[in-house]
Structure formats: C-alpha cells, structure tokens
Amino acid sequence: MLKIEVEGFCVGEVQTNCYFAVNKETKEMFVVDPGASAKMLAGRIQEKGYRPEAILLTHGHFDHAGGARELADLLKVKIYAHEAEEETLKDPSRNVSGMTGVREQYEADIYLKDGQTLQLAGFDLRALHTPGHTPGGCCYYIPSEAVLFSGDTLFCQSVGRTDFPGGSMGQLVRGIREKLLDLPEYTKVYPGHMETTTIGQEKQGNPFL
C-alpha cells in the first residue's frame with residue numbers, strides 16, 4: 001500500500017501546480033514549487049498537523065519559486081534545487097519575474113546533483129536533471145511510491161516551452177526520453193501546470209516524444 005498522499009494547489013497568476021507530498025503514516029511532508037500564496041500554504045500545513053521537512057524547486061521561474069523563501073521562513077525548512085539552476089534563480093531576466101512587473105532574485109539553500117538521492121518524509125527521492133525548459137530543470141522521483149514531480153519538463157500530452165532564456169527543445173526531449181520514459185509506465189506524473197498523467201500515457205500519446 002502506498003504511503004504517500006499528494007495534495008495539489010493552484011497558485012499564482014499563471015495557475016502553477018504546487019504540491020504537498022505527505023507521508024500518511026507520519027504526517028511528515030515536503031512542498032514542491034510554492035510559486036505564491038506562502039501564507040495560505042503554511043496555514044494549510046498547520047491546520048492539517050503536517051510536519052514539513054523541505055521545499056523542492058523543479059526550476060527557478062517566478063511562478064514556481066516566487067513564494068519559496070517566505071514559506072521556508074514560515075516553516076523553518078530549507079529550499080532545494082538543482083545546481084545548474086542557481087543562475088536562473090538569481091537572475092531576474094532568466095527567472096522571468098519581470099513578467100509580473102517586479103524583478104526578483106531567488107535562491108536555494110541546498111543545490112543538488114543529477115541522480116542525487118534524498119531522504120525526505122520517510123521516502124527515498126531521486127533528483128533527475130532534465131534541462132531544456134531551463135538549464136537546471138529537475139524532476140523528483142520516488143520509486144517506492146511510483147510518483148514523479150515533473151515541473152515544466154513534462155505535461156499531459158505536452159512538454160515545457162523552450163523560448164525562455166536558457167531553453168532548448170533538443171535538450172528537453174532528450175532528457176525526457178533518456179530519464180523519464182524509462183520509468184515504470186504506471187508512474188503517476190504531477191506536472192507544473194494542468195492535470196496529472198502517467199508515464200505510460202505519455203509514451204503512447206505525447207506528440208512531442
């Protein structure tokens with residue numbers, strides 16, 4: 001029986017999916033991509049009695065990273081991102097925060113390497129570097145639960161856009177094919193926008209792949 005429960009929240013002006021990954025047995029949890037609404041998210045965590053351990057960023061665009069520091073301070077946890085994403089986080093022209101009218105800089109506390117495994121909320125979680133949407137785009141995979149948080153790398157029947165600074169369609173598709181499509185077909189995919197999917201569905205019907 002799966003130990004994980006995933007709660008999704010649509011936050012910010014471009015309707016980004018923020019996720020709570022909760023261990024149902026212990027109430028330990030981590031947050032993926034809190035792009036906005038930090039106080040609301042912190043309130044929900046407190047209300048449910050969850051025990052937060054970390055914030056994971058799939059990439060550094062404002063709609064995914066914009067609320068991370070405020071939430072981290074409220075929860076007293078650290079922010080994780082891939083090491084190749086540091087420049088995107090810190091550079092307003094790369095994190096495209098100017099689209100909101102306010103140029104912002106972001107940061108992570110801990111930068112991860114490709115394939116690095118973390119122990120969070122009672123789960124072994126693997127960071128998979130999948131550049132293309134951004135240079136340090138990263139997916140997070142929990143093998144025991146068959147769960148993948150794909151950020152803006154892989155969507156239901158689509159892939160992330162590559163027209164922002166540092167984007168590359170070739171890199172994006174190659175990373176998906178080499179690192180994601182080899183995962184079990186029943187793996188549930190929680191993307192950065194729109195609805196959930198599975199690896200099997202994307203192997204069969206994604207026109208970009």
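These exercises, each with a worked solution, deal with a predicted model.

**Exercise 1. The open sheet**

Give the strand order of the sheet of 6 strands, and work out which strands stand at the edges and why one side of each lacks a neighbour.

Solution.
- Step 1. The 6 strands follow the order β7-β8-β9-β10-β13-β14 in an open sheet, and their pairing is mixed.
- Step 2. The edge positions belong to β7 (117–120) and β14 (197–198); each has a single partner strand, so one side of each is left without a neighbour in the sheet.

**Exercise 2. From β7 to β9**

Follow the chain from β7 into β8 and state how the two strands pair. Then do the same for β8 and β9.

Solution.
- Step 1. β7 and β8 run antiparallel and are joined by 4 bridges. One of the residues to look for is Gln119, whose bridge partner in β8 is Asp124.
- Step 2. The hairpin of β7 and β8 has 2 residues between the strands, and in this hairpin Ala121 takes a positive phi near 55°.
- Step 3. Strand β8 covers residues 123–129 and strand β9 residues 138–142; they pair in the antiparallel sense, over 4 bridges. Ala127 stands opposite Tyr140 in β9.
- Step 4. As for the faces of β7, Leu118 and Leu120 make up the covered one, while Thr117 and Gln119 make up the uncovered one.

**Exercise 3. The buried face of α3**

Find the buried residues of helix α3, decide how they are arranged around the axis, and list the elements they pack against.

Solution.
- Step 1. Helix α3 spans residues 68–75, and Ala68, Leu71, Ala72 and Leu75 are buried there.
- Step 2. Looking down the axis of α3, these buried residues fall within an arc of 100°, so they line one face of the helix.
- Step 3. The packing partners of these buried residues are β3 (28–32), α1 (38–48), β4 (51–56), α2 (62–65) and β5 (78–82).

**Exercise 4. Arg44 and its partners**

Place Arg44 in the fold, classify its exposure, and describe its salt bridge with Glu7.

Solution.
- Step 1. Arg44 belongs to helix α1. Its relative accessibility is 26%, and exposure is assigned as buried under 20%, exposed over 50% and partly exposed in between. Arg44 therefore counts as partly exposed.
- Step 2. Apart from neighbours within four places in sequence, Arg44 is in contact with Glu7, Phe9 and Phe20.
- Step 3. A salt bridge joins the side chains of Glu7 and Arg44, at 3.1 Å from N to O. Glu7 is in strand β1 (residues 4–11) and Arg44 in helix α1, so the pair ties together parts that are 37 residues apart in sequence.
- Step 4. Glu7 has 9% relative accessibility and so counts as buried.
- Step 5. The linkage extends to Glu47: Glu7, Arg44 and Glu47 are linked in a network of salt bridges.
- Step 6. For a distance check in the viewer, take the C-alpha atoms of Arg44 and Ser144; these residues are 100 residues apart along the chain, and the atoms are separated by 26 Å.

**Exercise 5. Salt bridges around α4**

State how many salt bridges the model contains, then examine the pair Lys90 and Glu86 and the pair Arg94 and Glu87.

Solution.
- Step 1. The count comes to 12 salt bridges. Side chains of opposite charge can pair when their charged atoms come close.
- Step 2. Between Lys90 and Glu86, the closest N and O atoms are 2.7 Å apart. The two residues are 4 residues apart in helix α4 (residues 86–90), and are therefore separated by about one helical turn.
- Step 3. Lys90, at 36% relative accessibility, counts as partly exposed; Glu86, at 31%, also counts as partly exposed.
- Step 4. Arg94 and Glu87 form a salt bridge in which the closest N and O atoms are 3.3 Å apart. Arg94 has a relative accessible area of 23% and is partly exposed.

**Exercise 6. Positive phi outside glycine**

Locate Lys76 and Gln157, give the phi of each, and classify their exposure.

Solution.
- Step 1. Most residues other than glycine have a negative phi.
- Step 2. Lys76 is not a glycine, yet has a positive phi of about 60°. Lys76 sits just after α3, in the loop between α3 and β5. At 75% relative accessibility, Lys76 counts as exposed.
- Step 3. Gln157, likewise not a glycine, has a positive phi of about 60°. The loop that holds Gln157 runs between β11 (154–155) and β12 (158–159). At 32% relative accessibility, Gln157 counts as partly exposed.

Technical notes. Residues are numbered from 1 along each chain as its sequence is written. This is a predicted model: local features need pLDDT of at least 70, side-chain atom pairs count only at pLDDT 80 or more; totals for chains, interfaces and linings use all residues. Side-chain values use heavy atoms; hydrogens and water are left out. Two strands pair if DSSP finds at least two bridges between them. Buried means under 20% relative accessible area, exposed over 50%, partly exposed in between (1.4 Å probe, protein chains only). The arc is that of the directions from the helix axis to the C-beta atoms. Contact means heavy atoms within 4.5 Å. A salt bridge is a side-chain nitrogen of Lys or Arg within 4 Å of a carboxyl oxygen of Asp or Glu.
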